[in-house]
Structures are given as C-alpha cells and as structure tokens.
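Subject: Structure for you to look at

Hello,

Please find the structure below, with its sequence. My notes on it follow.

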There are 2 protein chains.
Amino acid sequence: MSQRKRRVDPNQPIVLPNDASEEAYLIQRGWACVYKLLPDGSRQVLSFSLPGDIVGLPGLSLEGASPFWFESLTEVEISSISSATLFRGLASEPAVARAMQWSVALESAILIERLISLGRRSALVRTAHFILELATRLSLIGEDTRRGFDCPVNQYWLADALGLTAIHLNRVLRELREAHLLTMRSGHVEIHNFEGLRELAAFDADYLTPPKRRH
Amino acid sequence: MSQRKRRVDPNQPIVLPNDASEEAYLIQRGWACVYKLLPDGSRQVLSFSLPGDIVGLPGLSLEGASPFWFESLTEVEISSISSATLFRGLASEPAVARAMQWSVALESAILIERLISLGRRSALVRTAHFILELATRLSLIGEDTRRGFDCPVNQYWLADALGLTAIHLNRVLRELREAHLLTMRSGHVEIHNFEGLRELAAFDADYLTPPKRRH
DNA sequence: CGAAACATTGACACGCTTCAACAGTGGTGG
DNA sequence: CCACCACTGTTGAAGCGTGTCAATGTTTCG
C-alpha cells in the first residue's frame with residue numbers, strides 16, 4: 001500500500017509541527033522519534049520509531065496539524081501512506097484493518113507503560129524498564145537482543161524520553177553499569193545480566209507481544 | 001449499537017485485571033477511571049472516564065486480558081458493546097467508523113498530554129493543566145465549567161493520576177488556592193481565575209477539540 | 001589538528017516523598 | 001440524638017532523589 005518511499009539523513013526533521021500532512025509513515029529502516037517542544041524549551045520524547053512501526057495513525061482522523069516533531073535519528077527509509085488509500089485499504093482488506101488495529105493498540109500500550117514509568121517508577125527502574133522495552137521491540141522484528149543491541153540514541157534523547165535530565169540519566173547509567181546490569185556507550189547497549197534487569201524493572205513483556213490467534 | 005445497559009454503584013470495580021471480556025464500554029452517566037496497580041502497591045491512574053467516553057477501544061484488537069482495573073467513582077450508567085457488533089458497525093456504517101477513530105484519537109491525545117505533564121511539568125503546572133483538561137472535556141459535553149464544576153475525585157485519586165503523593169498534591173492545591181486560581185473541596189472545583197490558570201499551565205485546548213469538518 | 005558533539009563528574013539547591021500526627025466530615029448504630 | 005468510626009483533608013519536620021550550574025574529559029569527524 002505504501003506510496004512514496006524516501007531516504008532521510010540522520011537528524012533531519014521529517015514532519016514539522018503544524019504541517020497538515022494527511023499521511024502516515026511506515027519506518028522501513030533506521031530509527032526515528034516523535035517529540036514535543038515545550039514553551040520553556042524543554043523537550044518530551046513521545047516515541048522512538050523502529051522498523052515496522054507506523055507513525056501518525058491515530059492523528060489521521062483529526063485531519064489537522066499535529067503539534068509534534070517527527071525526526072530521524074539515524075539514516076532512515078520511510079514510505080508514506082496517504083490517509084485516502086489507507087481508508088480504502090482499511091475498508092476492503094480485513095488483514096489491513098487488523099494490522100492497523102494492532103499497530104494502534106501497540107502504540108497505545110507503549111504510551112501507557114511509559115506513563116506508568118513517569119508517574120510511579122524511580123529513575124533507575126524507569127531506565128532499566130525502557131531499555132528492556134527497546135530490546136523486546138527489536139527482538140520482535142528479528143534482532144537477537146539478549147546480550148545487547150545497537151541503540152543510536154544519545155543520552156540527551158534518552159533523558160528526554162524518560163523525563164530526566166541528561167546529567168541524572170548519566171548517573172543512573174553509571175549505577176546500572178556498576179551493578180553489572182548493562183553498559184551503554186557509543187551507540188551500543190551491552191546487557192550483562194538480562195534476568196537481573198528484568199527483576200529490577202519488574203518487566204513483563206506481555207504488553208508488547210501480538211495477540212495469539214485463538215479458535 | 002449499545003447492548004446491555006447497566007447501573008453501577010460508586011467505587012465498584014467494573015472490569016478486573018485479566019478479565020478477558022471482549023467488549024468496550026460507553027459511559028452514559030457518572031465518572032469512572034482506569035488504573036494500574038504496581039507490584040509495590042502504588043497506583044497509576046491512566047484515565048478518568050466521563051459521560052460520552054468509550055473505554056477499552058484500542059485494547060479490543062488484542063483479544064486478551066487487560067492488566068488494568070476499570071472502576072466507578074460515582075454512580076455510573078454504562079452500556080457495553082461487544083467486539084463483534086462493534087466491528088460489524090465499523091464495517092457497514094462510515095459514521096460509526098469516524099466516531100470510533102475520533103474516540104481513539106482523543107484518548108491517545110489525552111494520554112500523550114499527560115505523558116508530557118509527567119515528564120516535563122512541575123507539580124503545580126501539571127495540576128493546573130489537568131484541572132483545565134477536565135473543565136474542557138466537561139464543557140465539550142455541555143457543562144458550563146468556566147467558573148467551576150463538580151469533580152467527584154478525591155485527592156488520592158487525583159494524586160495517582162498526576163504521579164504525586166496525596167500529601168504533596170494537597171500542598172499544591174493550597175498553593176493554587178492561595179494564588180486565587182482555584183479551590184477544590186468536597187467534590188467541587190471552583191475556578192477563581194480561569195485566565196490565570198490557563199497562563200500558568202500554558203494550556204491549549206486544541207488537543208481536545210474534535211476536528212472541524214472542512215469545505 | 002581542531003572543533004563540535006557527547007559523556008562524565010562534583011557541589012549544591014530544591015521539589016517531592018516519607019513518616020507521623022491531627023482535624024474535619026458524613027454515615028451508622030446504639 | 002449522640003458517640004463512634006471510616007474516610008478525607010491538612011500540617012510539620014526531616015530525608016532523599018533529581019535538577020541546576022559549572023567544569024572537564026572523551027569521542028567523532030571534517
């Protein structure tokens with residue numbers, strides 16, 4: 001269904017706030033992120049988008065401008081899907097409809113879990129939980145992440161996703177390193193003790209796993 | 001489309017975690033809320049549900065148990081819609097599909113705004129912002145909330161929605177009261193200075209307002 | 001080689017939590 | 001009708017987690 005396919009350099013805006021573009025984007029390669037800039041200059045990252053993710057779905061029905069930035073972190077390949085073709089496919093192809101529903105449900109589940117993290121988990125637990133979420137999402141698209149994974153997110157971006165300052169996140173990462181749980185440096189996360197992390201974060205991957213078809 | 005209509009007493013669970021009920025709920029009267037209980041006993045409120053809200057939509061396509069509580073705050077009237085009839089209506093009635101999309105988009109927008117609050121706004125601003133959100137949502141369903149509104153949410157619930165302790169929220173509410181912005185007591189919010197609040201919270205209601213149909 | 005981006009550290013300040021206690025309020029039963 | 005109790009709201013004091021400010025080290029890349 002995808003239409004225009006595009007390659008984007010690292011750290012390039014893809015959609016600017018108040019663009020009224022009526023399309024969704026499918027990430028095919030690379031990492032991107034969606035964030036909001038507040039009046040005081042601070043930044044809240046809403047989501048990191050990985051290959052296979054669809055960005056902008058729930059916003060489509062608003063047919064208006066979104067107040068968020070959508071930006072590449074690495075070199076990225078994306079295809080855009082116009083709202084019109086999407087709705088057509090949604091009506092005619094049940095498989096497409098199911099995929100869309102799953103995509104929206106997953107996005108919402110991830111959002112909810114971060115809300116819980118920001119509201120009720122300490123910086124340490126929150127950080128561990130988020131790394132495990134990334135590891136799990138990557139493993140769902142075929143990467144083996146048990147011992148680590150490439151993660152092109154610097155400490156500023158990560159801090160802005162976790163509601164922390166980069167400085168404090170740095171201390172948290174040191175703590176995780178000194179506890180022999182994980183090391184994050186120069187674009188790579190090394191997981192030293194997966195089980196220990198899972199326990200620290202009370203991480204349960206259920207919210208990320210696609211529904212098993214029953215009957 | 002609604003099927004069974006039900007009346008529920010205040011403070012009664014409606015859906016328990018790990019119930020695998022395949023239906024969504026339309027609130028017709030009263031307030032309810034969705035929350036998660038963490039292993040350490042703390043609680044994060046995910047949403048307060050007001051009349052007209054639909055609860056459980058994105059979760060439907062997961063066809064599995066949700067890990068959340070759904071509970072009444074006041075006496076509540078709800079009707080349930082089974083996933084089957086919902087999908088049928090969705091396929092045959094474009095108006096239904098649009099309404100669902102709007103409902104999902106709104107829910108997601110509210111979630112995102114709270115994520116931003118928890119991540120990047122102080123307790124004072126966060127609280128003011130949330131009260132204004134409630135006021136705006138109520139005004140969209142016909143209540144005049146400029147000078148205040150009934151709000152059957154005690155300080156414990158509100159604190160658990162805002163990621164604060166009830167004790168600190170109490171101090172924040174005192175601060176708002178002493179700044180002549182709002183008073184919250186015994187189930188009622190009195191707004192003394194709407195503009196002042198809006199300025200303090202940098203509140204922009206756009207994210208809550210339904211899309212204007214163009215042309 | 002130099003410059004910019006990113007990571008790290010220390011000292012200190014502040015916002016929010018914790019713990020403990022008490023006051024107000026409404027509902028219930030004796 | 002009043003005593004009692006549960007629930008909710010309020011306050012103070014102290015401690016801790018996170019933020020702020022300022023500086024330095026490290027890596028990357030032109």
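The lining of the second largest cavity divides into 7 nonpolar, 2 polar and 2 charged residues. Here Ala, Val, Leu, Ile, Met, Phe, Trp, Tyr, Cys and Pro count as nonpolar, Asp, Glu, Lys and Arg as charged, and the others, Gly among them, as polar. A cavity is a set of points on a 1 Å grid over the protein atoms alone where a 1.4 Å probe fits but cannot get out, and lining residues have an atom within 4 Å of a point.

This is a predicted model, in which local features need pLDDT of at least 70 and side-chain atom pairs count only at pLDDT 80 or more, while totals for chains, interfaces and linings use all residues; side-chain values use heavy atoms, without hydrogens and water. Residues are numbered from 1 along each chain as its sequence is written, with chains lettered from A and ligands numbered from 1 in the order written.

Cavities

The second largest cavity holds about 110 Å³ of space, a volume being the space filled by probe spheres set on grid points that are joined across faces, edges and corners. Its lining includes Pro58(A), Glu107(A), Ile112(A), Pro58(B) and Glu107(B). Helix 3 of chain A and helix 3 of chain B are the elements that give two or more residues to this lining; helix 3 of chain A gives the most, with 5 residues. Helices (H or I, at least four residues) and strands (E, at least two) are DSSP runs, numbered from the N terminus.

Ser108(A), in helix 3 of chain A, is another residue of that lining. Is Ser108(A) buried or exposed? Ser108(A) counts as buried because its relative accessibility is 16% (buried is under 20% relative accessible area, exposed over 50%, partly exposed in between, with a 1.4 Å probe and protein chains only). Leaving aside neighbours within four places in sequence, Ser108(A) is in contact (heavy atoms within 4.5 Å) with Pro58(B) and Leu111(B).

In total there are 3 cavities of 30 Å³ or more, and the largest has about 460 Å³ of space. It is lined by 22 residues, of which Gln101(A), Val104(A), Met100(B), Gln101(B) and Val104(B) are the closest to its centre. This lining has 18 nonpolar residues, 4 polar and no charged.

Domains and cores

Chain A is divided into domain 1 (5-110) and domain 2 (122-208), with bounds from an automatic or database domain assignment. Their C-alpha centres lie 23 Å apart. The contact between them takes 19 residues from domain 1 and 17 from domain 2.

The largest nonpolar core has 44 residues, and Phe48(A) and Phe149(A) have the most contacts inside it. A nonpolar core is a set of buried Ala, Val, Leu, Ile, Met, Phe, Trp, Tyr and Cys residues joined through side-chain atoms within 4.5 Å. Helix 4 (residues 123-140) of chain A gives the most to this core, with 8 residues. Each of the two domains of chain A supplies at least three residues. Apart from this core lies another, of 43 residues, including Trp157(B) and Met184(B).

Not counting residues up to four places away in sequence, Phe149(A) touches Ile131(A), Leu134(A) and Ile191(A), among others.

Thr145(A) sits in the loop between helix 4 and strand 9 (148-150) of chain A, and counts as buried because its relative accessibility is 5%. With neighbours within four places in sequence left aside, Thr145(A) is in contact with Ala135(A), Leu138(A), Ser139(A) and Ile191(A).

Regards

Terms used. 1 Å grid on protein atoms, 1.4 Å probe; cavity = no way out; pocket = protein on both sides within 12 Å on 5 of 7 lines; lining within 4 Å.
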